[in-house]
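This report walks through a structure with the sequence and the coordinates at hand. It begins with a term needed for the interior and then turns to the chains.

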Amino acid sequence: MNRYLVEIRIVPREGLLDPEGKAVQNALRSLEFTGVEDVRVGRLVRLELAGATPEEVRARAEDMCRRLLANPITEDYEIDLENIS
Amino acid sequence: MTSRTSVELRVAVVTFPGSNCDHDCYRAAKDVLGAHAYFVWHRERDLREPDIVILPGGFSYGDYLRAGAIARFSPVMDAVRRFAENGGLVLGTCNGFQVLCEAGLLPGALVRNASLRFIGRWVRLRVENADTPFTTAYREGQVLRIPIAHGEGNYVADPATLERLEAERRVVFRYCDAEGRVTDEANPNGSLNGIAGIVNEAGNVLGVMPHPERAVEALLGSTDGVGVFESMRAHLRAAFAPARDSQEAPAAAPAGRP
């Protein structure tokens with residue numbers, strides 16, 4: 001068994017209005033940060049998962065995203081794995 | 001399947017940790033509708049033979065992750081799903097609507113209000129379909145005054161789902177102005193097409209962001225929400241009628257009693 005650090009980034013789906021991202025973008029502009037073309041605000045879920053192979057751990061993380069961590073109607077997600085055994 | 005011995009309606013109000021409108025729903029069911037109302041804790045698996053199930057507003061599980069995302073895995077939700085699949089009347093208001101979407105009992109999702117603000121105020125709703133078990137006490141186009149209190153009431157769905165909801169007349173309530181016009185200004189949260197409430201395909205599950213249970217007595221400022229409860233009662237009475245009319249046949253369970 002190996003231990004994996006799994007980072008799951010969840011962001012509002014492309015094309016869906018992200019009011020939080022828009023508000024942050026406006027705040028950055030008002031602070032005179034230039035060239036802020038787009039901002040999307042999401043969520044980071046960091047897990048430690050035990051598993052035999054990265055493939056198996058990734059598959060479980062995907063299942064977690066589909067069933068609980070992300071809403072497939074409104075959110076996209078990306079999964080990163082690192083072996084920390 | 002049990003036979004029915006009484007015509008008193010049984011209304012189960014589900015309480016999740018963080019629900020805060022469960023007592024409003026209980027009161028609307030008991031005092032306004034005259035039903036036998038009772039609470040069902042989220043860990044229970046038996047709804048105790050209700051005629052109506054209400055998922056109340058609030059902040060179930062602190063709205064952690066997403067509003068309604070964790071409540072949908074509560075033990076009680078298996079029973080709610082079975083009850084709904086058997087045609088039982090399920091009303092989800094506010095957080096209850098969010099739970100129904102997360103549970104897949106209603107399509108789409110409710111995301112952060114476009115203004116990013118939590119909004120608690122009176123709004124006007126137009127009755128879009130007066131031919132559902134929840135709206136027969138109203139007339140189509142009627143304008144209701146009902147309060148909202150939510151931070152995530154912005155209804156979204158993919159274009160195909162939205163088209164289908166509209167084509168099947170499953171949008172039951174829309175935000176409107178005092179004259180019944182659906183405008184951007186009258187839309188408090190950015191919901192697509194001004195959607196405030198929808199029903200499932202079978203028509204027996206209603207999710208609505210505003211709070212009809214908070215508009216059931218003059219003292220509360222409006223009685224416009226009473227119609228939702230009266231409509232459900234009328235629907236169930238019609239379902240019980242054959243049993244009451246027949247002396248010999250065992251009481252038939254109305255559609256939806258699991």
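A nonpolar core is taken here as a set of buried Ala, Val, Leu, Ile, Met, Phe, Trp, Tyr and Cys residues joined through C-beta atoms within 7 Å. The model described is a predicted one. With that definition, the largest nonpolar core has 75 residues, and those with the most contacts inside it are Val11(B), Val13(B), Val14(B), Ala29(B), Ile54(B), Val80(B) and Leu100(B). Helix 2 of chain B, which spans residues 76-85, gives the most to this core, contributing 6 residues. A second core, separate from this one, has 9 residues, among them Cys65(A), Leu69(A), Ala70(A) and Tyr77(A). As a general background, nonpolar side chains tend to be buried together in soluble globular proteins.

**The two chains in outline**

Chain B contains 5 helices and 11 strands. Its radius of gyration is 17 Å, close to the 18 Å that the globule rule gives for 258 residues, so chain B is as compact as a globular protein of that length. Chain A has 2 helices and 3 strands, and along the sequence these follow the pattern β-α-β-α-β. The radius of gyration of chain A is 16 Å, whereas a compact globule of 85 residues would have a value near 12 Å. The table sets out further values for each chain.

| Property | Chain | Value |
|---|---|---|
| Box filled by the C-alpha atoms, along the principal axes | Chain B | roughly 60 × 40 × 40 Å |
| Box filled by the C-alpha atoms, along the principal axes | Chain A | roughly 50 × 25 × 15 Å |
| Buried residues | Chain B | 53% of 258 residues |
| Buried residues | Chain A | 15% of 85 residues |
| Contacts joining residues at least 24 apart, among those at least 6 apart in sequence | Chain B | 75% |
| Contacts joining residues at least 24 apart, among those at least 6 apart in sequence | Chain A | 69% |

**Helix 3 of chain B and its surroundings**

Helix 3 of chain B covers residues 95-102, and because 8 of its 8 residues are buried, this helix is largely enclosed by the rest of the structure. The buried residues are Asn95(B), Gly96(B), Phe97(B), Gln98(B), Val99(B), Leu100(B), Cys101(B) and Glu102(B), a list that includes Leu100(B), one of the residues with the most contacts inside the largest core. What covers the buried residues of helix 3 includes four strands of chain B, namely strand 3 (52-55), strand 4 (89-93), strand 5 (109-111) and strand 11 (205-208). Leaving aside residues up to four places away in sequence, Leu100(B) touches Leu55(B), Gly92(B), Leu105(B), Leu106(B), Val205(B) and Gly207(B). Helix 3 of chain B is followed by Gly104(B), whose phi is positive, near 80°.

Strand 11 of chain B is itself covered on both faces, since Val205(B) and Gly207(B) on one side and Leu206(B) and Val208(B) on the other are all buried. Strand 11 is joined to strand 4 of chain B by 4 bridges, and these two strands run parallel; within this pairing, the bridge partner of Leu91(B) is Leu206(B). With strand 10 of chain B (residues 195-199), strand 11 pairs in the antiparallel sense over 3 bridges, and here Ile198(B) stands opposite Gly207(B). The hairpin of strand 10 and strand 11 of chain B has 5 residues between the strands, and in this hairpin Gly203(B) takes a positive phi near 85°.

**The sheet of chain A**

In chain A, 3 strands form an open sheet in the order 2-1-3, with antiparallel pairing. The edge strands are strand 2 (43-51) and strand 3 (75-83) of chain A, each of which pairs on one side only. From one strand to the next, the twist averages 20°. Strand 1 of chain A, made of residues 2-12, is joined to strand 2 of chain A by 9 bridges, and the bridge partner of Arg9(A) in strand 2 is Leu44(A).

**Where the chains meet**

The contact between the chains involves 9 residues of chain B and 9 residues of chain A. On the side of chain B that touches chain A, the residues divide into 6 nonpolar, 1 polar and 2 charged.

Terms used. Residues numbered from 1 in each chain as written. Chains lettered and ligands numbered in written order. Predicted model: local features only at pLDDT ≥ 70, side-chain atom pairs only at ≥ 80, totals over all residues. Pairing = 2+ DSSP bridges. Axes fitted to C-alpha atoms, helices over the stretch in contact; angles between N-to-C directions. Buried ≥ 20, exposed ≤ 12 C-beta atoms within 10 Å, placed from the backbone. Contact = placed C-beta atoms within 7 Å. Nonpolar A, V, L, I, M, F, W, Y, C, P; charged D, E, K, R; others polar. Rg over C-alpha atoms; globule rule 2.2 N^0.38 Å.
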